Amino acid sequence: DDKTSVVRTFDVAKPGYYEILVTAVATVGDKALSSTKTVPFVVIDPLPPAKESRREFGITFNPFDEETDNIPLYAATLGVEKVKIVLWGSGVRPHGGHPELSEIQRLLKEFWAGGFEMTGVIAKPSTFFSGEKAPTSVPGGIISFFAQEQEQWAVPLADLIKRSRDYFSHWQIGADNDREPMEHVEAARTIPSIEAAIKGVKTFSRVGIPSQAEGPYRHHPAARFIAVNVAGDADPSVMKSPTVPPEKDVHYVIRPRPLGPGDRYVEISAQMADLIKKCVFARASGIRDLYVPLESDAFCGLLDNDGVPSASFLALRTMNRLLTGATYQDARLFSGPTRDFIFRRGNERIIVLWSEEGTVEKELYLGESARIVDATGAVSPMPPDRPLKIGSLPLFIVDVDSQLLETLLSLRFDNDELPLSGKPIQRTLLFTNKFAADMSDVKINLRKVGKEWNV
């Protein structure tokens, strides 16, 4: 019966990413027919990200490849306040067609009204916006286009800047994955010409170009900022060694790792872990400004093909909420396969933990108020009476007793060197009391010591 419907209600209180497998079975004559569909949904923690004076995570968005419905809402849900928007593009949306100029302008107004810091990306020229003044299409990237005689592109570029100048003062020449601005032989000549043309319409403008994290870096004096593109399949360790000199204004664009053909749950967890590790390594290396593309892609997007947020969407929201405004503290709680990164924000301490070699158990007490936040934002108390399980998917520990943590971090031997000697070696364990009051009745339990040790 076409009028028959079934309603099922699920009471899911814990934040996270969920998938329901729905199977419909019908009998037609003497045949049984069935159809199965996976329906994803997310439960988002009710607390909005805390407002900070400076947001360090942002998104990139290409309206020539994606539908614009609800994009400002998604950005607000992530808690980001920076967005890079492609203003010239030549892509085709998943369901076909191109955006209307009025649609682009409406999107810019919504972001502007929301207080977003915006960067305009000038990628491929959009001939369907230009009418009789359509620019000539040329093969290659954006530098190949601007390497033509200036009369071929001056008017279309001026038109673009005029209709967008109220919203932008930063202009990126080339899409994030375009290698031409960094590598094309004409780039050194062309970029200053583009900058001069833009400033002829809007005087106070800064022009930047993209670079590739695993490609060569060439100094371009006219480029006021650099956008470093990190491929989705790049190893997180690529973020440990920034390729751009620190004197440059630089931000990084980090793409989620594509889902592989293996177990879906394992692949989703691996994708979240990869994104978090890249961002954490970046922050520990002094890279503060990070962007992630807001794309609809079932394999590597923050949204699936139907626009439903992915698990990585929640991971980005969690990082933005916990790490914005925090500074990396170069100290370690553990060694070996357990990786820990400590960030401080005022009197707060945020710890990020994961294991490089399977699940391990660690005894760790960080105060009665300490809580664990998983990658999707779900919060749970930190167990005081049993070991903490640490796996490949990073965990965040918040509400840490900072004085206790600093005291733990101060533990050290008076001499770290262990000379090769047949004589007994004496070492003294030292620590510094970071509490405001004196400590008494201190007990230190050393485990897994050598059989010949005298403790």
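## Overall composition

Of the 455 residues in the chain, 46% are buried, where buried denotes a relative accessible area under 20%, exposed over 50%, and partly exposed in between (1.4 Å probe, protein chains only). This is a predicted model, in which local features need pLDDT of at least 70 and side-chain atom pairs count only at pLDDT 80 or more, whereas totals for chains, interfaces and linings use all residues. Residues are numbered from 1 along each chain as its sequence is written, and side-chain values use heavy atoms, with hydrogens and water left out.

The chain contains nine helices and 20 strands; these are DSSP runs numbered from the N terminus, with helices being H or I of at least four residues and strands being E of at least two. Along the principal axes, the C-alpha atoms fill a box of roughly 90 × 75 × 40 Å. Among contacts with a separation of 6 or more, 66% involve residues 24 or more positions apart, a contact being heavy atoms within 4.5 Å.

## Surface and charge

The exposed area of the chain is about 24,200 Å², of which carbon and sulfur atoms supply 51%; areas come from the Shrake-Rupley method with a 1.4 Å probe, and for residues only the protein chains shown count as cover. A nonpolar surface patch of about 1,000 Å² includes Leu408, Phe431, Val449 and Trp453. Patches are made of residues with over 30% relative accessible area and no salt bridge, joining like charges within 9 Å and nonpolar side chains (Val, Leu, Ile, Met, Phe, Trp, Tyr) within 5 Å. Within this patch, Val449 is located in the segment after strand 20 (429-430) and is partly exposed at a relative accessible area of 34%.

There are 53 positive and 60 negative side chains, and the centres of the two sets lie 3 Å apart. Lys and Arg count as positive and Asp and Glu as negative, while His and the chain ends are not counted; each charge is placed at NZ of Lys, CZ of Arg, CG of Asp or CD of Glu.

## Salt bridges

Side chains of opposite charge can pair when their charged atoms come close. The count of salt bridges is 21, each defined as a side-chain nitrogen of Lys or Arg within 4 Å of a carboxyl oxygen of Asp or Glu. Arg283 pairs with Glu56, with the closest N and O atoms 3.1 Å apart. This pair links helix 7 (residues 264-284), which holds Arg283, to the loop between strand 2 (31-43) and strand 3 (57-61), which holds Glu56, across 227 residues. Arg283 is buried at 5% relative accessible area, and Glu56 is buried at 2%.

Asp249 and Arg206 form another salt bridge (3.1 Å, N to O). Asp249 lies in strand 9 (residues 249-254) and Arg206 in strand 7 (residues 206-212), so the pair ties together parts 43 residues apart in sequence. Both residues are partly exposed, Asp249 at 37% and Arg206 at 29%. In addition, a network of salt bridges links Asp45, Arg317 and Arg321.

## Surroundings of Leu290

Leu290 is part of strand 10 (residues 290-293) and is buried, with 1% relative accessibility. Not counting residues up to four places away in sequence, Leu290 touches Glu56 and Arg283, and its other contacts include Phe57, Tyr252, Ile254 and Cys279. Leu290 therefore meets both members of the Arg283–Glu56 salt bridge, and both of those residues are buried. The C-alpha atoms of Leu290 and Gly307 are separated by 22 Å, the two residues being 17 residues apart along the chain.
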